[in-house]
Structures are given as C-alpha cells and as structure tokens.
Amino acid sequence: MWGRKARLSTAVLAAGSLLGLSACGGGGDAETAEPDAWVLNGGVWTVVEEDFEAWNEENPEQSFTVESFANDIYKDRIRTAVGSGEAPTLIVGWTGGGLLEYVEGDYVTDITEETAELRERLIDSVVANGEVDGTTYAVPMNNVQPVMMYYNQEVFDEAGIEVPTDWDELLEAVEVFQDQGVHPFSLAGGSLWPMLMWASYLTDRIGGPEAFEAVVAGEPEAWSHPAIIEAMERIQELVDAGAFDPGFASVVADNNEDAHLVADGLSAMVLQGSWVYSRLLEESPDFMESGNLGVTTFPSVPGGAGDPESIVGNPANFWSVSANATQEEQQAGIDYLSEWLFNDDYVDGMLATGNIPPLTGLEDKIAETEDPEFLDFAYGMVQDAPNFQLSWDQAVDPSQERALLENLGQVFEGSITPEEFAQNMNATQPSD
C-alpha cells in the first residue's frame, strides 16, 4: 500500500520524499517579527500582493515582506528554501505529495484550530486537500483552478465548424484547421507541465479516476494501466495529425505564449487552467473585448469509463505556515490566515480579475461581476465535478516529478513509445 507514516485526506492521493532536504528545527525567539511571503507572477497574484499591502497598512507591527517569482522558478526556489530552513513564513504550495513531504519533515505547522472558522466558509472538497491524517496543515488562498478548453470563436466561424464535444469531433476539427493553415492547438511544450493536462484528462476520460489513483497509491506496475497506455497513444495520434503548433517545444507557459497564440488567431484552441482567463484580461484586452473567447470542457472519449464532468487541475494554491519561522513570525502568518484571508475586498478583487475563490454561496456575487458567464461556468465545473484530479506533477511522489515531465515530453516528441513511457515510470515508483 502506501508505505508512509502519514496520509493525505482521501481527496488528495499523493506520497513522496523531498530530495535534498535536511530536517530543521522550529521557530526561534527573535524579538522582532519579520514575516515574509513568496507569491507568483501575473493573474490573480496581483490581487494577492495588493491584499498584503492592505494588511500591512492595518497591521504595521506584523508587516509582511512579499517577493514574487515566475511559476517554474518558484518551484525550484521553494524546495531549496524549505530544506535549508530558509522558507518564507507563509509557503505557497499545491498540496499533494509536496505537502505530505512538508508534514513528514516537520517543515510546516498544524493550523487546524486557528483556521476552523475560515474553513467553514470554504468548499469542503477544496479544503480537504490541505489535510493530512485529519489535521490541517494548509488552507486554500486563491482561486479554484480547473483546466478547460479555450477557443477563438472567430477562427471556428471562419472554418465553418463547431467546437468539438468528443474525441472524434476533435480529430475532425484538427483536419479542418490543418487544411486552413491554422494550428488546431497551441501547447507550451517548453514548460513541459502543460502536457500533463492532456495526459491526465485523457486517462480520466478513458479509465476513470481509478487508473491514476493506482499510481499515487504506489501500486506496482500502475503506470501500465491500459487507460494510461491508451492516453499516450492518443497523444501521439494528435501529434502525428498535426494538432499542435510544430514549434510547441519552444513555447513557454510562464509568458502565457500558448494563450496568446489563440488570442492572435494563430491557433484555434488551447487546453489550460482557469488562471489563463485573468491573464488574457490583462494582456490581450482587445481580444477579450471582441467577445471571441470561448470556453468549454474537455471532450468525452467514446466508450471511455470516465465521467465527462470530471475535471483536472488545481483545487487552489494553499498557504502553509513554516515551522522554521520564529514564533512571532508564525503568529503573524496565523493571524493573517484566520483574521484576514478572503476578506470582502480580496474576494471582490479576485472576481474582478476573472478568478473564483473556493467559497460557498458565491452565485449572487458572480452574477454582479463583469465576467459572469465565464465565472459561472468555471464555478459550475468545480461544484458539479464528481472527481477533481489534482495535477499529476503535484499528486505524485516528488521524486517522480522530473521523470514524469521528461518522459511525457518524450512521448510528445515521439522518441519513446507509450509502453516505454509506462516502463520508465514504473521504475520510479517508490518502494515501501
């Protein structure tokens, strides 16, 4: 089975060992608190930074220093910082295997009691991702992040076809766009992780959630599940059919390049997270004002065992409190979470930028926004989903993340077969 000392809640199946980390002690006794937080760039993160500015004005004695990073850079920096005992007071994470690692290494604190009132306001399925063995070590801090299909309606109108709803229609659309000289899909292959969205959705549509649950539960040869093999076959079928921009290996997600290709009409569609919407509002205002952006769910796969309403992505990003911070710094972090997080201005700011906080009862607020159609669609995806699969790179054991990305990249480039992908990944499964 798991072979682990602790388990995440059943909402998040994950395990792992954080490479290169040495255990460090808890907070010190410094007289002056200097709490800090690291955030990411763009989209909803601007709202997060503004929220800290408001907190600092109201609480100068617990003022936070905030530093921002690009997504991929942050992931590298935070791992090193946590292991060396230099983590920020508030640690942004994606839960999954990373959170389990933090808990087993005593890198984060138990915040169950202090965040009880906050968690009562939030969607249960999202909150559960921050629990390990029934104890809360992380709480959601920004927007729910389902992955969806974005498309340029003008490009579809010019092609004279409808947006695909199943796999057969998707392949037909690829052929039509190829004939018209339009890239059917953009893909930020240079960042690797956007490829996971295709792998996870296809695996879920074909085999249901059980296929990947076997992987994160550590079952032997789990990567050889027929649904995973077929998912890799269908990915290569897409590549061979010319579904992706032939230069996708040099496109980078941190710069939102894949979404810009759709906004510019060079690609018809892109599979990406809900966070792309807010970035397009900021970076491609003319396209957004044109009304040509459309969103839909990932197509169904005829004969597949998965529920077409299931989704993949990130339930949210989460805050944890560093166990290596001083007592005063920890208290500042806890006070921010328990007294300030998801205040009215913060929630309104998130909604205004096209992001949905994981709060219950948002329907009336969504209806009053400038983007009610998109927000209602994304909110409905989360509420209606029978299964919300955490992104694979976050759900697996952290020791498998790099191998997963590299091997999936090789599947997309055609240098290994689906069977070789499974064989390579089976070799990375942690032993009990």
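A pocket, on a 1 Å grid over the protein atoms alone, is an open set of points where a 1.4 Å probe fits, with protein on both sides within 12 Å along at least five of seven lines, and its lining residues have an atom within 4 Å of a point. The model on screen is predicted, with local features needing pLDDT of at least 70 and side-chain atom pairs pLDDT 80 or more, while totals for linings use all residues. Residues are numbered from 1 along each chain, and side-chain values use heavy atoms.

Select K75, D76, R79, Q394 and E401 to begin, since these lie nearest the centre of the largest pocket, which is lined by 32 residues. This pocket holds about 660 Å³ of space, a volume being the space filled by probe spheres set on the grid points. Colour α2 (71-83) next, the helix that gives the most to this lining, with 5 residues; helices are DSSP runs of H or I with at least four residues.

Move on to L40, N71, W94, W193 and W275, which lie nearest the centre of the second largest pocket. Among the elements giving two or more residues to its lining are α2, α8 (194-207) and α12 (275-283).

Finish at helix α15 (residues 344-352), where Y346, V347, G349, M350 and L351 are buried, that is, under 20% relative accessible area with a 1.4 Å probe, protein chains only. Show α1 (45-58), α16 (363-367) and α17 (372-384) as well, for they are included in what covers those buried residues. At the N-terminal end of α15, N343 acts as a cap, with a side-chain oxygen 3.1 Å from the backbone nitrogen of D345.

Key. Buried means under 20% relative accessible area, exposed over 50%, partly exposed in between (1.4 Å probe, protein chains only). Contact means heavy atoms within 4.5 Å. A polar contact is a pair of N or O atoms within 3.5 Å; within protein, one must be able to donate a hydrogen and the other to accept it, and residues adjacent in sequence count only if both atoms are side-chain atoms.
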